[in-house]
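Thank you all for coming; I would like to walk through one structure this morning, beginning with a small local detail and then moving outward to the sheet and the helices. Please have the sequence and the model open as we go.

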Amino acid sequence: MAEEIKTLEGLEAAVADNIAGVQGVEEDSAVAREPVRDELGRAYATGKRKDAVARVWIKPGSGKVVVNGREMNTYFARPVLQMILRQPFSVAGVEDQFDVMATVKGGGLSGQAGAVKHGISKALQLFDPSLRASLKAAGFLTRDSRVVERKKYGKAKARKSFQFSKR
């Protein structure tokens with residue numbers, strides 16, 4: 001190969017071979033995604049937000065959402081949190097077509113709602129890969145990595161200092 005590259009024609013041929021190899025890799029990676037479902041026809045995904053972790057199963061149904069064994073309306077009483085849970089379905093255009101069963105641990109209600117939303121989004125794109133584009137464009141497949149900053153030694157809180165006195 002080193003002898004080929006010494007000439008201009010050899011260099012052009014090597015570049016052409018390299019480009020053809022890269023294009024072949026791109027074609028292989030653009031293979032259509034397959035749906036991922038278990039033996040019961042459900043899709044499973046894990047969603048995370050702050051300290052909350054949600055395990056989410058979705059299956060075709062009437063739109064019933066159960067979180068930790070309770071209905072969504074009783075577990076997430078605030079309308080804003082209920083709206084957060086419904087966002088992935090409305091963006092994907094599949095309202096009232098899937099039943100959701102989720103177990104969530106850790107964090108507060110807001111973080112738990114965000115974790116369930118993330119899990120629903122991931123499970124939807126696993127159940128039907130054609131929904132991936134709309135969910136990804138809305139930013140629902142990306143885990144929001146913001147977490148509470150830890151308290152530092154010599155500080156009142158994470159960044160707040162004690163009152164300074166010159167004298």
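Where in the chain is the place of K50? K50 lies in the loop that runs between β1 and β2, and I should say at once that what we are looking at is a predicted model. The backbone at K50 deserves a moment, for this residue has a positive phi of about 50° although it is not a glycine. As general background, most residues other than glycine have a negative phi. In terms of accessibility, K50 counts as partly exposed, because its relative accessibility is 39%, which falls between the 20% and 50% limits for buried and exposed.

K50 also introduces the hairpin, since β1 and β2 are joined with two residues between them and K50 is in that turn. Strand β1 covers residues 43-49 and strand β2 covers residues 52-60, and the two pair in the antiparallel sense over seven bridges. Within that pairing, G47 is placed opposite A54 of β2.

N68 offers another example of this kind of backbone, again with a positive phi of about 50° in a residue that is not a glycine. N68 belongs to the loop between β3 and β4, and with a relative accessible area of 31% it is partly exposed.

Let me now turn to the sheet as a whole. Five strands make up an open sheet, in the order β1-β2-β5-β3-β4, and the pairing within it is mixed. At the edges stand β1 and β4, the latter being residues 70-71, and each has a single partner strand, so one side of each is left without a neighbour in the sheet. Moving inward, β2 pairs with strand β5, residues 98-105, in the antiparallel sense over eight bridges, and in that pairing W57 has M101 of β5 as its bridge partner. In which sense do strand β3 and β5 pair, parallel or antiparallel? Strand β3, residues 65-67, pairs with β5 in the parallel sense, over three bridges, and V67 is the residue that stands opposite A102 in β5.

W57 brings us to the aromatic rings, where the count comes to three aromatic pairs. In one of them, the rings of Y44 and W57 have centres 5.0 Å apart and planes at 45°, so the pair is tilted, an angle that lies between the 30 and 60 degree limits for stacked and edge-to-face. This pair links distant parts of the chain, with Y44 in strand β1 and W57 in strand β2, 13 residues apart. Their surroundings are worth setting side by side: Y44 is partly exposed, with a relative accessible area of 37%, whereas W57 is buried, with a value of 18%. Another aromatic pair is formed by Y75 and F76, and this one is edge-to-face, at 4.9 Å centre to centre with 85° between the planes. Y75 is buried at a relative accessible area of 14%, and F76 is buried as well, at 0%.

The next topic is helix α5. This helix takes in residues 109-127, and at 1.5 Å a residue its 19 residues should span 27 Å, which agrees with the 26 Å between its end C-alpha atoms. How many of the 19 residues of α5 are buried? The number is 15, so α5 is largely enclosed by the rest of the structure. With respect to the sheet, α5 lies across β1, β2 and β5, running at about 145° to β1. I would also point out R37, whose charged end sits over the ring of F127, 3.9 Å from the ring centre.

Further along the chain, A138 is found in the segment after α6, which is residues 132-137. A138 counts as partly exposed, at 35% relative accessibility, and its C-alpha atom is separated by 9.6 Å from that of Q87, 51 residues apart along the chain.

Finally, the overall picture. The secondary structure of the chain comes to six helices and five strands, and from the N terminus on the elements run α-α-β-β-β-β-α-α-β-α-α. Of the 167 residues of the chain, 31% count as buried, and among the contacts with a separation of 6 or more, 66% are accounted for by residues 24 or more positions apart.

Terms used:
Residues are numbered from 1 along each chain as its sequence is written. This is a predicted model: local features need pLDDT of at least 70, side-chain atom pairs count only at pLDDT 80 or more; totals for chains, interfaces and linings use all residues. Side-chain values use heavy atoms; hydrogens and water are left out. Two strands pair if DSSP finds at least two bridges between them. Helices (H or I, at least four residues) and strands (E, at least two) are DSSP runs, numbered from the N terminus. Rings of Phe, Tyr and Trp (its six-membered ring) pair if their centres lie within 6.5 Å; planes under 30 degrees apart count as stacked, over 60 as edge-to-face and the rest as tilted. Buried means under 20% relative accessible area, exposed over 50%, partly exposed in between (1.4 Å probe, protein chains only). A charge sits over a ring if NZ of Lys or CZ of Arg is within 6 Å of the ring centre and within 35 degrees of the ring normal. The expected span of a helix is 1.5 Å times one less than its number of residues. Contact means heavy atoms within 4.5 Å. Axes are lines fitted to C-alpha atoms, for helices over the stretch in contact, and angles run from 0 to 180 degrees between N-to-C directions.
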